[in-house]
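The following account leads the reader through a single structure, from its interior to its surface and then to the confidence of the model.

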Amino acid sequence: MYEAFFNLRMKPFELVPDPSFIYRSKSHKRAITFLDYGIRARAGFILLTGEVGSGKTTIIRDLLNKRYEQLVLAKVFNTRVTSEQLLAMINDDFGLQTQGKDKVTLIRDLNEFLVDQYARGNQPILIIDEAQNLAEELLEEVRMLSNLETSDSKLLQIILVGQPELRTILAAPSLRQLRQRISINCHLQPLSRHETECYIMHRLEVAGNAAAVEFPSESLDIVFRFSKGIPRLINIICDFLMLSAFAEEMKVISVNMVREVIGDLDFDNHFWSNAVAEQQEGQPNEAAVSSQPAGSLLLQQEICSTLNDINMRLDVLENNISDKAAQTVFNEVQDRFTQLQNNVTSQITKTDKQIFNLLTKLDEIAIPPNGNIAKEISQESANAGFARWVFGGNAFSRKK
């Protein structure tokens, strides 16, 4: 719709998992390397987890596009099934007849098929997506499939793909045997603030024009805050931003435009089920920010600025590391820092909403003679703070 206006060959922020758009963040690059090694080494079980929309399916499709030699694939996407249905879906995807066959026959047919593929030098792989929906007894059935083997080789390689809760499920004592058979273990982390910016620019470039629109730093900050670094959510926000910019015939994504899009999408209620506080219908989340005490805003800005500065320094350090052992330690530190950055950003967003709701309730109790309580607070000194305003100007001052 807007491709011609921005001189693009295609839409840059489609939701389909297109491997040609894959952005290799540090976490994604590591996952691709591990998965590639696991497939080539014919490791028994491979586990890939990540948040909804983090890019798990895109990575799998990217790997399969590598066209490994003599690979035979079966993919299962519907995991809310019985044991017999699961076996039937696996056999069917391998091209075996399943109609009218019981569980014992299905297992026998699968075993004969795998032995035949082994004799031909082929490598059968089973990919189970949304594996967090499998009941424990079904996961145990999957483990039993890995027992199909010759005297010196596994006949079937299994890749389990799922959301973070899959790790919690696998931690159950009853699944100890399955857990111990997982040879390759990958988890996709959300993108950092810097990676979010690079991701957006990368997709614009792949779509045909990296300079199609300009994202000021403040606009990118808001996109990162509400997407929490999840690629699919970045795509949703940016697609609407491109549409808004097209409608207004603009090529700069302003802060106000981002706030309007976030508000229209009612982002936390629609895309984050764990929102702490319910927003008023149609109320943009950024309203919570604008109604906060100035001191609170300054503190949040300082925290975010400090985290961004640390992230930039880590990037500089990485470029100067040559020792492999030091690089490994550095990667672990950076992964933990990225988690910290995302957690802090998430907590700030939740606090914003809590304060907004609290101010709304206070407005209902007692409105000052000269106007809204939130407005009154915002006019206080930056050092006064919300608690000091509520409890009295010297409530928290030190006694001399």
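**Interior, surface and confidence**

In this predicted model, Leu 145 is in contact with Leu 87, Ile 90, Leu 110, Leu 126, Leu 156 and Ile 158, when its neighbours within four places in sequence are left aside. Leu 145 also belongs to the largest nonpolar core, a set of 34 residues in which Leu 145, Phe 94, Leu 126 and Leu 160 have the most contacts. Two or more residues of this core come from each of the strands β1 (45-50), β2 (71-76), β3 (123-128) and β4 (157-162), and likewise from each of the helices α3 (83-93), α4 (103-120), α5 (136-145) and α6 (165-170). A second core, separate from this one, has 33 residues, among them Leu 191, Ile 222, Ile 253 and Val 258.

In soluble globular proteins, nonpolar side chains tend to be buried together. Met 1, by contrast, is exposed, because its relative accessible area is 73%, over the 50% cut-off. Met 1 lies in the segment before α1 (26-40) and, together with Phe 240 and Leu 243, makes a nonpolar surface patch of about 320 Å².

Confidence varies along the chain. The average pLDDT is 78, and 67% of the residues score at least 70. Among the elements, helix α8 (residues 193-206) has the highest mean pLDDT, 96, and helix α17 (residues 386-391) the lowest, 40. Over residues 373-400 the pLDDT is below 50, and this stretch has 31 contacts beyond near neighbours in sequence in the model. Residues 273-295 also stay under 50 in pLDDT, and for them the model has 50 contacts beyond four places in sequence.

Technical notes
Residues are numbered from 1 along each chain as its sequence is written. This is a predicted model: local features need pLDDT of at least 70, side-chain atom pairs count only at pLDDT 80 or more; totals for chains, interfaces and linings use all residues. Side-chain values use heavy atoms; hydrogens and water are left out. A nonpolar core is a set of buried Ala, Val, Leu, Ile, Met, Phe, Trp, Tyr and Cys residues joined through side-chain atoms within 4.5 Å. Buried means under 20% relative accessible area, exposed over 50%, partly exposed in between (1.4 Å probe, protein chains only). Helices (H or I, at least four residues) and strands (E, at least two) are DSSP runs, numbered from the N terminus. Contact means heavy atoms within 4.5 Å. Patches are made of residues with over 30% relative accessible area and no salt bridge: like charges are joined within 9 Å, nonpolar side chains (Val, Leu, Ile, Met, Phe, Trp, Tyr) within 5 Å. Accessible areas come from the Shrake-Rupley method with a 1.4 Å probe; for residues, only the protein chains shown count as cover. A salt bridge is a side-chain nitrogen of Lys or Arg within 4 Å of a carboxyl oxygen of Asp or Glu. pLDDT is the predictor's confidence in each residue, from 0 to 100.
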